[in-house]
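Take a moment to look over the sequence and the 3D view below. Then let us walk through a few places together.

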Amino acid sequence: MDFEFTAEEKALADMVRKFTEKEVAPFYSKWDRECKFPRNINKKMGELGLLGSSVSPDKGGMGVSHVAEGLITEEVSKGDCSLTMSTFVVGHLCAVLLEQGNERIRKEFLEPFLSGDTIPAFCMTEPGAGTDAVAMRTRAIQKGAAYILNGEKSGITAMMDADIALVFAKTDPDAGARGVSCFVVPTDLPGITRQSYEDMGCKGITRGSIFMEDVEIPEDYMIGQEGTGFKMGMQGFDVSRILLSLEGIAPAMVSLEETIRHTTQRIAFDRPLATFEGVSFPIVEHISILEAVRLLCYKGLWMRDQGMSTSKVAGMVKWMAPRFSTNAIRDCLVLHGHYGYTQEFPLEQRLRDVMAVEIADGTSQVSKLVVQREIFGREYLPYNYRNR
Ligand SMILES: Cc1cc2nc3c(=O)[nH]c(=O)nc-3n(C[C@H](O)[C@H](O)[C@H](O)COP(=O)(O)OP(=O)(O)OC[C@H]3O[C@@H](n4cnc5c(N)ncnc54)[C@H](O)[C@@H]3O)c2cc1C
């Protein structure tokens, strides 16, 4: 057993830490208040090879390990834990799909995504189909050498800034998950409109809905074969859910470090706050739990690098990380007293942002369903039981 990151992974983390300290962290609250996605930073990340970093070099990526992808996500999340939702979590999901596309897709869409010139969106959720994604109603019907798309996708990260949408649509509505295909849809096509949301957090990632009315795309823009879209889309979740968990843990750890500093300096009753066990023990508990969950995240990424299945680990960390991270940030806020409640400190923003981790990429409940499936067996899933 080796708990050490490699020299290359440490060097990469160092480089990303310096980048974050200079280019990301100082603007965390600015992007939130302006509800603005920093395209220039996305471009810089592309130039550094951080976007879709695990894509193989023959397809234009850096081909780094998933462990390294975790380190990149963690380091940027220390500065801005909402930006990484788009750049590395959705970025990973989109990279996995685009990498499997034909040569035209890789040239027209994967390359500009990796270089940071374009922003992709992963469009699975619909107003009537979230957790039960297979119930989606968006349709794609072949017409000669084209597909015609009709439907609505909702809750989509970076929708208002996205240049391309990876849209999951039914090509065979009677075939369940095997009737779902995935398409690359440039967002400037006729028939597309978008609507933005006013979210409580992660305001910089411009979430929104996309409406498609008779949108025509060439048949070449389908990724893989008809009916394989759902399976391909799910593949990415085994890594993206772990990256998302690290996205939540990183700002919680930073908040705890800040709170250690604050409570050792702040005096009450003639002594530093940290000398009161009521103050120090919650910090000890949060650090103990988060260190354990973080280790499980890296175990999962390492397992994926070895070609093992990580559905169970991804499900485990995906429910624990947001729950324990928000608990920690909440306590840090309170331990900063009335200052913690102001927008002068990043704590309230981190609390709002990290709550998103509990819902995005599947809620905590659905994550537990995945773990339940792995522990008890598929036949004990509530929806399979119904169909017996
Ligand atoms: C910040 C953010 C970013 C997002 N980004 C994207 C994106 O880029 N692309 C995308 O496609 N989607 C995105 N989503 C949508 C997200 O994937 C869905 O919101 C999520 O899957 C839940 O679906 P829903 O909102 O329809 O809730 P529902 O499915 O209606 O669920 C409502 C509640 O019921 C619970 N529930 C449902 N079924 C069960 C069950 N069987 N057992 C127990 N509990 C259950 C859920 O856990 C939830 O608490 C994003 C959401 C957020 C908040």
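What follows is a short tour of the ligand's surroundings and of three single residues.

This is a predicted model, so local features need pLDDT of at least 70 and side-chain atom pairs count only at pLDDT 80 or more, while totals for chains, interfaces and linings use all residues. Residues are numbered from 1 along each chain as its sequence is written, and side-chain values use heavy atoms, with hydrogens and water left out.

**Around the ligand**

Start with the ligand, which has 18 residues around it. A residue is near the ligand if one of its heavy atoms lies within 4 Å of it. Phe-122, Thr-125, Thr-131, Thr-157 and Thr-363 come nearest. By class, the shell has 9 nonpolar, 7 polar and 2 charged residues. Here Ala, Val, Leu, Ile, Met, Phe, Trp, Tyr, Cys and Pro count as nonpolar, Asp, Glu, Lys and Arg as charged, and the others, Gly among them, as polar.

Where does the shell come from? At least two residues each are supplied by helix 5 (83-99), strand 3 (146-156) and helix 13 (364-376). Helices (H or I, at least four residues) and strands (E, at least two) are DSSP runs, numbered from the N terminus. Domain 2 (121-228) and domain 3 (236-386) each give at least three residues to the shell; such domain bounds come from an automatic or database domain assignment.

The table lists polar contacts with the ligand, meaning pairs of N or O atoms within 3.5 Å.

| Residue | Protein atom | Distance to a ligand oxygen atom |
|---|---|---|
| Met-124 | backbone N or O | 2.9 Å |
| Thr-363 | polar side-chain atom | 2.5 Å |
| Gln-365 | polar side-chain atom | 3.1 Å |

On its own, the ligand has 970 Å² of accessible area, and the protein covers 65% of that. Accessible areas come from the Shrake-Rupley method with a 1.4 Å probe.

**Three residues to find**

Is Ser-364 buried or exposed? Ser-364 lies in helix 13 and counts as buried because its relative accessibility is 3%. Buried means under 20% relative accessible area, exposed over 50%, and partly exposed in between (1.4 Å probe, protein chains only). Leaving aside residues up to four places away in sequence, Ser-364 touches Lys-318, Trp-319, Pro-322 and Glu-358, where contact means heavy atoms within 4.5 Å.

Now for the backbone. Most residues other than glycine have a negative phi. Thr-206, in the loop between strand 6 (192-196) and strand 7 (208-218), has a positive phi of about 40°. Thr-206 is buried, at 12% relative accessibility. Phe-269, in the loop between strand 9 (267-268) and strand 10 (271-272), has a positive phi of about 55°. Phe-269 counts as exposed, at 73% relative accessibility.

Note on methods
A polar contact is a pair of N or O atoms within 3.5 Å; within protein, one must be able to donate a hydrogen and the other to accept it, and residues adjacent in sequence count only if both atoms are side-chain atoms.
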